[in-house]
Amino acid sequence: IADSEPFVIEATFEIRAALPDIYFGVILHNAEGIPIIFADSRDVDNGFPARFPVGEHCIRLTIPPVLAPGTLVVSAGIATTSMQALDNREAACRLQIVDSRGIRTANRPGLLNLALPWEKRSLP
């Protein structure tokens, strides 16, 4: 995955019986096992449902291009709002973020890859 592009984590699941309110969580760890991002489906009030009808469903989470090049491990889970775990997948997948900008002369330390604005001003 190019470090200059967002990427999507997608999961499909089946609801077999009515459940109380549920939520989804995703954790991205670096290769050393350090959590980099934790995303919870309740984080943003965007109308994401807490109840799903019986049947198959697909959810998607878009990660913006803010992560530094390196290996990431994705873990995911589903729980009820009363903290009952329904499913948990540790190390569900692994992905590699690569430097797509090609202007760097060496690997850079850090977890984030932000193109921050610089400015110069002359002093009197």
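This report walks through the sheet, the nonpolar cores, the aromatic rings and the cysteines of the structure above. Keep in mind that we're looking at a predicted model.

**The sheet**

Let's start with the strands. Four of them make an open sheet, and reading across it you get β3-β2-β5-β6, with antiparallel pairing. Who sits on the outside? β3 (35–40) and β6 (85–97) are the edge strands; each has a single partner strand, so one side of each is left without a neighbour in the sheet. Going from one strand to the next, the twist averages 15°.

Inside that order, β2 (residues 22–30) and β5 (residues 70–80) run antiparallel and are joined by nine bridges. If you want a spot to look at, take Leu28: its bridge partner in β5 is Val74.

**The nonpolar cores**

Leu28 and Val74 turn up again in the largest nonpolar core, which has 10 residues. The other members are Phe7, Ile9, Val26, Ile63, Leu67, Leu72, Leu95 and Ile97. Strands β1 (7–15), β2, β5 and β6 each put in at least two residues of this core.

Val26 is a handy residue to centre your view on. Leaving aside residues up to four places away in sequence, Val26 touches Ile9, Ile37, Phe38, Ala39, Leu61, Val74, Ser75 and Ala76. Ile9 and Val74 belong to the largest core too.

There's also another core, lying apart from that one, with seven residues; Ile15, Ile22, Phe52 and Ile59 are among them.

**The aromatic rings**

Phe52 brings us to the rings. How many aromatic pairs are there? The count comes to five. In Phe13 and Phe24, the ring centres are 5.2 Å apart and the planes stand at 50°, so this pair is tilted. The two residues come from distant parts of the chain, with Phe13 in strand β1 and Phe24 in strand β2, 11 residues apart.

Phe24 pairs with Phe52 as well: here the centres are 5.7 Å apart and the planes are at 90°, so the pair is edge-to-face. This one also links distant parts of the chain, from Phe24 in strand β2 to Phe52 in the loop between β3 and β4 (55–63), 28 residues apart.

Put Phe48 together with Phe13, Phe24 and Phe52 and you have one aromatic cluster. Here is how the three rings from the two pairs above score for burial:

| Residue | Relative accessible area | Class |
|---|---|---|
| Phe13 | 12% | buried |
| Phe24 | 6% | buried |
| Phe52 | 15% | buried |

**The cysteines**

What about disulfides? A search of the whole structure comes back with zero. Take Cys58 to see why: the cysteine sulfur closest to its own is in Cys93, 14 Å away, too far for a bond. For scale, a disulfide would need the two sulfur atoms within 2.5 Å. Looking from the other end, Cys93 has its closest cysteine sulfur in Cys58, and that 14 Å is again too far.

Buried or exposed, where does Cys58 fall? Cys58 is partly exposed, with a relative accessible area of 42%. Cys93 also counts as partly exposed, at 38% relative accessibility.

Definitions and conventions:
Residues numbered from 1 in each chain as written. Predicted model: local features only at pLDDT ≥ 70, side-chain atom pairs only at ≥ 80, totals over all residues. Heavy atoms only, no water. Pairing = 2+ DSSP bridges. Helix = DSSP H or I, 4+ residues; strand = E, 2+ residues; numbered from the N terminus. Axes fitted to C-alpha atoms, helices over the stretch in contact; angles between N-to-C directions. Core = buried A, V, L, I, M, F, W, Y, C linked by side-chain atoms within 4.5 Å. Buried < 20%, exposed > 50% of the residue type's maximum accessible area, 1.4 Å probe, protein only. Contact = heavy atoms within 4.5 Å. Phe/Tyr/Trp six-rings, centres within 6.5 Å; stacked < 30°, edge-to-face > 60°.
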